[in-house]
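Let's take a walk through this protein together. Have the sequence and the 3D view open side by side as you read.

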Amino acid sequence: RRAAVVPFADVLAQGTPEQKQEMVSVIAANFQPSFARALRAAMNDSEPAVRMMAAAAAARIESRFLDASMALETRWADEPGNAHRALDLARHYDAFAATDLLDESRAEEARSRSLEMYQLAARDLPRDPSIAQATVRLLLKLGREEEAIGLYHQRMEDGSAPPALASWYLECLFRRHRFAELRRHAAALAQRVRDLDMLHPRSVDAMQ
């Protein structure tokens, strides 16, 4: 049957307790990191039943991630030379950190493990652009901007860095107050007009 689609934010602002509980059920069954904000808001709802249900949903989501972590760790340990198993583990921990349901110390542990696995996978899959993009993003989130700059400096200089990687690189330069390099590389990226369609509009605005 056709049904109206209502944003989670509207349900939280205007919905009945029953509708809010239904929303929490939907989030729990189909969780994506982008749903975390709504789930956290539900955990602070004025209705006790909604708060309890949201907290239970968050615990179940985390439990599923932990179960998957153990299974993927076991698979990788059985064949540590398998780059694809390392990549599966890296992407899992990356997603785990991005759930936005962990406290900062646990999220940092997940990012560190993800980075370690991406770096292992990169040895055998050096041409996979998603690995480089994830690596520079995680280094930035872990406060290791100088390491990221050193790692991808040459690719930025020769213009071979994909646009998403270049965007994160510019952020690293900004964080380190290396503004002369930031302007130079931003100007070079702006010349790659076709690549700009692959970036988020806010990234393009920042680059400009």
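Among contacts between residues at least 6 apart in sequence, what percentage join residues at least 24 apart? In this protein it's 55%. Keep in mind that you're looking at a predicted model.

Now for the secondary structure. The protein has 12 helices and 0 strands, and if you start at the N terminus and read along, the elements go α-α-α-α-α-α-α-α-α-α-α-α.

Next, the overall dimensions. Along its principal axes, the C-alpha trace of the protein spans about 55 × 45 × 35 Å. There are 208 residues in the protein, and 38% of them count as buried. As for what's on the outside, the accessible surface of the protein adds up to about 12,300 Å², and carbon and sulfur atoms account for 52% of that surface.

What about charge? The protein carries 28 positive and 30 negative charges. Take the mean position of the positive charges and the mean position of the negative ones, and you'll find these two points 3 Å apart.

Let's finish by zooming in on one residue. A29 sits in helix α2, which covers residues 17-29. Is A29 buried or exposed? Its relative accessibility is 60%, and exposed means over 50%, so A29 counts as exposed. To get a feel for distance here, pick out E18 as well: A29 and E18 are 11 residues apart along the chain, and their C-alpha atoms are separated by 17 Å.

Notes:
Residues numbered from 1 in each chain as written. Predicted model: local features only at pLDDT ≥ 70, side-chain atom pairs only at ≥ 80, totals over all residues. Heavy atoms only, no water. Helix = DSSP H or I, 4+ residues; strand = E, 2+ residues; numbered from the N terminus. Buried < 20%, exposed > 50% of the residue type's maximum accessible area, 1.4 Å probe, protein only. Contact = heavy atoms within 4.5 Å. Areas by Shrake-Rupley, 256 points an atom, 1.4 Å probe, with all protein chains shown as cover. Lys, Arg positive; Asp, Glu negative; His and termini not counted. Charge placed at Lys NZ, Arg CZ, Asp CG, Glu CD.
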